[in-house]
Amino acid sequence: MNFDTIIKGGTIVTAADTFSADIGIRDGRIAALAESLEGAREIIDARGKLALPGGIDSHVHIAQPSGPGIVMADDFESCTRSAALGGNTMVLPFCLQETGEPLRRTVEAYAALAVGKCHVDVAFHLIIRDPTEAVLGQELPALVKDGYTSFKVFMTYDGLALTDLQILETMAVARETGALMMIHAENYDMIRFLTAKLERQGDTAPFFHAKSRPIPVEREATHRAITMAELSDVPIVVVHVSNREAMEEIRSAQRKGLKIRAETCPQYLVLTEDDLKGLNMEGAKYVCSPPPRDKASQAACWEGLQSGVFTLFSSDHCPFRYDDAQGKLTPKGRTSFRWVPNGIPGVAARLPILFSEGVGKGRIDLNTFVAVTSTNHAKTYGLYPRKGTIAVGADADIAIWDATKRMTITNANQGHGADYTPYEGIEVTGWPVLTMVRGRTVMRDGALVIDRPIGQRLQRALPAA
Ligand code: URP
Ligand code: ZN
Ligand code: ZN
C-alpha cells in the first residue's frame with residue numbers, strides 16, 4: 001500500500017488555490033497530491049465535495065477560571081468535540097495566570113486538564129494578569145522559549161485589567177522574545193463609570209450590558225493599544241473587533257506600516273445589541289464583550305474581512321450555561337448585567353456561519369474563507385506550514401465540506417457543554433461532513449467516529465514576522 005488513506009476526487013481549496021486532486025495520506029501527513037492516486041487501506045470519496053484545511057480557531061476559552069461561583073460550560077473534551085463537529089482540527093485556548101502562582105505551574109496544571117481529552121489538536125496562549133518582575137524577567141521569557149509564543153492582556157475586567165504601564169512593560173517582553181501579544185481593547189474606567197450610572201438609574205437588564213460598553217469605549221482603547229504597540233515597536237493582534245470605528249483605527253495604523261493584526265468573530269457579523277433585549281434574563285445568552293452592535297457595524301466587520309484589515313476570524317468561544325446558578329441566569333443570585341459572565345459559545349458555528357453568509361452570499365471567496373479561518377491562524381501563531389494548508393508534508397488536517405447541504409444551527413448540533421447557542425435557528429448552506437486530524441477521521445456526518453480522543457497538545461514556533 002502506498003498510503004494509509006486517499007481522499008479521492010474532491011476540490012481542494014487553500015488560501016491561494018482551488019484545484020481538483022486526490023490527497024494521499026501516510027503517517028498522519030499529506031504525502032502526495034496528484035490527479036489520480038491508487039493504493040490505500042482506506043478511500044474517502046470526496047467527489048462533489050470540497051477538501052479544505054481543517055479550521056483553526058485561535059480564540060477559544062476552555063475550563064478557564066471565571067470567578068467565584070461561576071463555571072465555564074466546556075472542558076477540553078466538550079470544546080474539542082464541538083470544534084470537530086464544526087470542521088475544526090485545532091483550537092488555541094488561553095491559560096490564565098493565577099495571581100501569586102509561578103506561571104509554569106499554572107501552565108502545567110492547565111495542561112493536565114487536556115491530557116487524553118482532546119478530539120482535535122490544541123496549543124495554549126497565556127493570559128498575563130499579574131506582570132511582576134519575576135514573571136516578566138524570567139517566567140514568561142522561559143515559557144516563550146518552550147513554545148508558548150503568544151499571550152493576551154486585558155485593558156478591562158476586574159482582576160484582569162492591566163495599567164498602561166503594565167502593558168508597556170509586557171510589550172517590552174514581547175519585543176525581546178519575539179512573542180505575539182493579543183489585546184482585549186476596551187476602556188475599563190469608562191465601563192465602570194457607565195455601569196455604576198446605569199445601575200443607579202435601575203437599568204440592570206442584560207440589554208444594558210451593551211449600553212455600558214458603547215463603541216467609543218472600544219475605539220479609544222483600540223487607539224491606545226495601537227499607540228503603545230507603535231511606541232514599543234511590537235506587532236499586536238487586536239482581538240474580537242466589533243465595529244467600524246475600531247476597524248478604522250486598525251486600518252489607518254496598517255496604512256502607516258504598523259504591524260497591527262486584527263480579528264473579528266461571528267457574533268459581530270450576525271448578532272446585534274437587540275438580541276440582548278430578550279424577556280427577563282434571556283438577553284444574558286448574548287452577553288459578551290465587546291457586545292454585538294448594529295447592522296452598520298456588521299457591514300463594517302464584513303468590510304474588514306474583505307479588505308484584509310481583519311486577517312483572523314475566530315469564535316471567541318467562551319461558553320456558560322444559561323439555566324444554571326453557575327452560569328448566566330442568576331449569577332451569584334443577582335440579576336444585574338454586571339454579574340452576568342461575559343462570553344458565548346461558537347466554536348462549532350463559526351465556520352458554517354462564515355461559509356454561508358460569506359462564501360454563499362458572495363461576500364468573500366473560498367480562498368479568503370480558508371485564509372481567515374485556518375491558514376492565517378497557523379501563520380500568525382507559529383504553526384505554519386505544518387498546519388493551516390493542504391500541501392505535501394503538512395499534517396493531514398482536513399475538513400470535507402458539502403457546499404450544498406442546508407442545515408439549521410441548533411443547540412443539539414453544536415456538541416458543546418452550554419445549554420443554548422446564540423445562533424439557534426440560523427439557516428446555513430454549506431456544512432462540514434468529515435473532519436480529519438493528522439490522518440484520522442474524527443467526525444463524520446455530525447457524529448464523532450473515534451473510540452478515544454486523539455488530539456495532541458503542540459508547542460509553537462515564534463509567529464511569522
Ligand atoms: O465576552 C467575552 N468575549 N468573553 C471571553 C473573554 C474575552 O474577553 O475574550
Ligand atoms: Zn477578550
Ligand atoms: Zn475571548
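These legends walk through several close-up views of a predicted model.

**View 1. Strand β13 and its covered residues.**
Let us begin with strand β13, which spans residues 180–184. This strand is mostly covered, with 5 of its 5 residues buried. Which way do the residues of β13 point? L180, M182 and H184 point one way, while M181 and I183 point the other way. Residues on both of these sides are buried.

**View 2. The strands that pair with β13.**
Here β13 is shown with strands β12 and β14. Strand β12, residues 150–154, pairs with β13 in the parallel sense, and 5 bridges connect them. To find this pairing for yourself, look for F154, whose bridge partner in β13 is H184. Between these two strands the chain passes through helix α4, residues 164–177, and the β-α-β crossover formed in this way is right-handed. Strand β14, residues 236–238, also runs parallel to β13, and 3 bridges join the two. A handy marker for this second pairing is I183, which stands opposite V238 in β14.

**View 3. The zinc ion (ligand 2) and its donors.**
Which residues coordinate the zinc ion (ligand 2)? They are K152 through NZ, H184 through ND1 and H240 through NE2, at 2.1 to 2.2 Å. You have already met H184 as a residue of β13. Along the sequence, the donor residues follow the spacing K-x31-H-x55-H. K152 sits in strand β12 and H240 in the loop between β14 and α8 (244–255), so this pair, 88 residues apart, links distant parts of the chain. K152 and H240 are both buried.

**View 4. The zinc ion (ligand 3) and its donors.**
A second view turns to the zinc ion (ligand 3), which lies 4.0 Å from the zinc ion (ligand 2). Its protein donors are H59 (NE2), H61 (NE2) and D316 (OD), which lie 2.0 to 2.1 Å from the ion. Why is the arrangement around this ion tetrahedral? Because the 4 donor atoms around the zinc ion (ligand 3) subtend angles of 89 to 124°. The sequence spacing of its donor residues is H-x1-H-x254-D. H61 belongs to the loop between β8 (55–60) and α1 (76–85), and D316 to the loop between β16 (312–313) and α11 (350–360), so the two tie together parts that are 255 residues apart in sequence. H61 and D316 are both buried.

**View 5. The surroundings of ligand 1.**
How many residues surround ligand 1? There are 13, and the closest are H61, K152, H184, S289 and D316. Several of these names are familiar from the zinc views: K152 and H184 are donors to the zinc ion (ligand 2), and H61 and D316 are donors to the zinc ion (ligand 3). Three contacts with oxygen atoms of ligand 1 are worth finding. A backbone N or O atom of S289 lies 2.7 Å from an oxygen atom of ligand 1. For G343, a polar backbone atom is 3.3 Å from an oxygen atom of the ligand. H240 contributes a polar side-chain atom, which lies 3.5 Å from an oxygen atom of ligand 1.

**View 6. Two residues in the loop between β16 and α11.**
This view stays with the loop that holds D316 and picks out Y322 and V347. Is Y322 buried or exposed? Its relative accessibility is 11%, so Y322 counts as buried. V347 has 0% relative accessibility and therefore counts as buried too. The C-alpha atoms of V347 and H317 are 5.4 Å apart in space, although these residues are 30 residues apart in sequence. For Y322 and P422, which are 100 residues apart along the chain, the C-alpha atoms are separated by 11 Å.

**View 7. An open sheet of 7 strands.**
The last view shows an open sheet with mixed pairing, whose 7 strands have the order β3-β2-β7-β17-β18-β19-β20. At its edges stand β3 (18–20) and β20 (447–448); each has a single partner strand, so one side of each is left without a neighbour in the sheet. Within the sheet, strand β18 (residues 427–437) and strand β19 (residues 440–444) run antiparallel, joined by 4 bridges. Where does M436 find its bridge partner? The partner is T441, in β19.

Definitions and conventions: Residues numbered from 1 in each chain as written. Chains lettered and ligands numbered in written order. Predicted model: local features only at pLDDT ≥ 70, side-chain atom pairs only at ≥ 80, totals over all residues. Heavy atoms only, no water. Buried < 20%, exposed > 50% of the residue type's maximum accessible area, 1.4 Å probe, protein only. Pairing = 2+ DSSP bridges. Right-handed = clockwise from strand over helix to strand, strands pointing away. Donors = N, O, S within 2.8 Å, 3.2 Å for Na, K, Ca; no water. Tetrahedral: all angles 85-135°; square planar, octahedral: opposite > 155°, others 65-115°. Near = heavy atom within 4 Å. Polar contact = N/O pair within 3.5 Å; in protein donor to acceptor, adjacent residues only side chain to side chain.
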